Structure formats: C-alpha cells, structure tokens
Amino acid sequence: MSVADIRHDYSKNELLESSLADDPFRQFDAWFEEALAAKVSEVNAMTLASADAKGRPSARIVLLKGYDERGFVFFTNYDSRKGHELQENPQASLLFFWPALERQVRIEGNVSRTSEQESDEYFHSRPLGSRIGAWASPQSRPITREALEANTASLGKSLGEHPRRPEHWGGFRLAPERLEFWQGRPSRLHDRLVYERNAEGLWLVSRLAP
C-alpha cells in the first residue's frame with residue numbers, strides 16, 4: 001500500500017454551534033472528560049509548538065498538568081531547548097489529538113512561567129526518580145548514557161529522599177487567545193469551531209471551512 005492510499009473516514013460525531021459551550025474552558029473540560037471516559041491513551045499528551053527568536057519552529061509532545069480559566073500548564077527544564085525558546089519568544093501553540101473520538105483541539109496564546117509555589121507543589125508531587133532526574137539531566141544538551149546514569153546515581157545519594165526543586169525546572173502556563181475544536185466528519189467535511197477573544201475580552205465563535 002502506498003502512503004498516499006492510507007486514509008480514514010471520520011463519522012463518529014458532529015460539532016454544532018447549538019451544542020457548543022459559551023466558554024471555551026467549559027467546552028475543553030467537556031471534551032477532556034469524554035476522552036477520559038473513553039479511556040483515550042495518554043489523554044493529557046499534547047504537541048507543544050514553539051519558535052526561537054528568529055522564528056525557527058520546533059515541536060514536541062509534553063503532558064498537560066493542569067488547566068483553568070488562566071490557561072494550560074506544563075512543566076519542563078527552563079534550560080532546555082523549549083525552555084529557551086519560550087523565554088525568547090513567549091508565544092506558542094498546543095495540539096491535542098484524540099483519534100478514538102476523532103477530535104483535535106488547537107490552542108494558541110502567550111506563555112509565562114507559573115509561580116514558584118505552583119512549581120514547588122507539582123515538583124514535590126512527582127515520584128522520587130523523576131525529581132532526581134530533574135537534577136541529573138541537562139536537558140537538550142549532549143550527554144552519554146553512562147554520564148547520565150552516573151549523574152543520577154551520585155545525585156540520588158547526595159540529595160536524599162526529599163530533594164528541593166532545582167531553580168532551572170518549573171512550570172509554564174499558556175494563556176489562550178484562540179481555541180479551535182475540530183470534529184472529524186465524513187468526506188473530509190470536518191466541523192471546525194473557533195473561539196477568539198475580541199477587543200473587550202469576550203469570546204466570539206466562528207466556523208471555519210474544513
């Protein structure tokens with residue numbers, strides 16, 4: 001089979017303006033709960049797209065760790081490639097793809113660091129191995145497997161069972177300005193409904209051609 005011949009016809013659901021929540025966070029919450037109920041694998045996995053100061057893009061999968069009206073939160077090493085890009089150019093996009101429900105959610109907005117308290121609270125909720133790893137890994141820099149394992153073993157002994165959060169590790173929050181809810185439909189006539197803020201800060205909804 002040619003790659004060009006691979007296709008899937010979407011037909012499970014539809015997305016109408018009459019069923020859409022007035023608030024995009026309520027809409028996201030409804031879809032996220034449906035994805036949880038459907039036992040979607042890695043339901044909180046999302047593609048994070050960022051760009052450096054020259055506009056050169058990069059993308060990777062990260063995990064959503066919280067969301068509310070202020071935005072969508074994830075955690076990382078601030079000295080990593082994405083950490084530097086988000087601080088040089090604090091605009092980014094997120095993409096959730098839930099193929100079991102034939103749905104996507106695209107989110108665009110400005111990014112800022114979470115508070116130190118938020119970063120501390122999440123850091124201390126992580127398994128011990130992950131907390132040691134945050135210290136041991138110079139993320140995005142060249143390293144050998146042996147050096148990484150040696151760092152982990154050494155720091156595991158010196159930091160003990162209650163390591164503090166390293167200053168180079170913490171959270172980012174993307175405050176959305178645009179959210180698109182995409183529902184797959186037959187013959188590629190997909191439903192695409194978009195929330196965008198107007199000058200008064202109100203959310204306006206429009207339908208986009210598929």
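**Pocket and patch Q&A**

Q: In this predicted model, what is the volume of the largest pocket?
A: Let's start with the space itself. Rolling a probe the size of a water molecule over the atoms shows where empty space is left. For the largest pocket, the volume comes out at about 260 Å³.

Q: Which elements give two or more residues to the lining of the largest pocket?
A: The lining holds 15 residues, and Phe75, Thr76, Arg126, Gln139 and Trp169 are the ones nearest the pocket's centre. Going by elements, those that contribute two or more residues are β2 (57-63), β4 (71-77) and α4 (128-136).

Q: How many residues in the lining of the largest pocket are charged?
A: Split the lining by class and you get six nonpolar and six polar residues. The charged count is three.

Q: Which residues make the nonpolar surface patch of about 430 Å²?
A: Two of the members, Met1 and Val3, sit in the segment before α1 (24-37). Add Ile6, and the patch is made by Met1, Val3 and Ile6.

Q: Is Met1 buried or exposed?
A: The cut-off for exposed is over 50% relative accessible area. Met1 has 86% relative accessibility, so Met1 counts as exposed.

Q: Is Val3 buried or exposed?
A: Val3 belongs to that nonpolar patch too, and the cut-off is again over 50%. Its relative accessibility is 69%, so Val3 counts as exposed.

Q: What distance separates the C-alpha atoms of Met1 and Arg60?
A: Along the chain, Met1 and Arg60 are 59 residues apart. In space, their C-alpha atoms are separated by 29 Å.

Methods:
Residues are numbered from 1 along each chain as its sequence is written. This is a predicted model: local features need pLDDT of at least 70, side-chain atom pairs count only at pLDDT 80 or more; totals for chains, interfaces and linings use all residues. Side-chain values use heavy atoms; hydrogens and water are left out. On a 1 Å grid over the protein atoms alone, a cavity is a set of points where a 1.4 Å probe fits but cannot get out, and a pocket is an open set with protein on both sides within 12 Å along at least five of seven lines; lining residues have an atom within 4 Å of a point. Grid points are joined across faces, edges and corners, and a volume is the space filled by probe spheres set on the points. Helices (H or I, at least four residues) and strands (E, at least two) are DSSP runs, numbered from the N terminus. Ala, Val, Leu, Ile, Met, Phe, Trp, Tyr, Cys and Pro count as nonpolar, Asp, Glu, Lys and Arg as charged, and the others, Gly among them, as polar. Patches are made of residues with over 30% relative accessible area and no salt bridge: like charges are joined within 9 Å, nonpolar side chains (Val, Leu, Ile, Met, Phe, Trp, Tyr) within 5 Å. Accessible areas come from the Shrake-Rupley method with a 1.4 Å probe; for residues, only the protein chains shown count as cover. A salt bridge is a side-chain nitrogen of Lys or Arg within 4 Å of a carboxyl oxygen of Asp or Glu. Buried means under 20% relative accessible area, exposed over 50%, partly exposed in between (1.4 Å probe, protein chains only).
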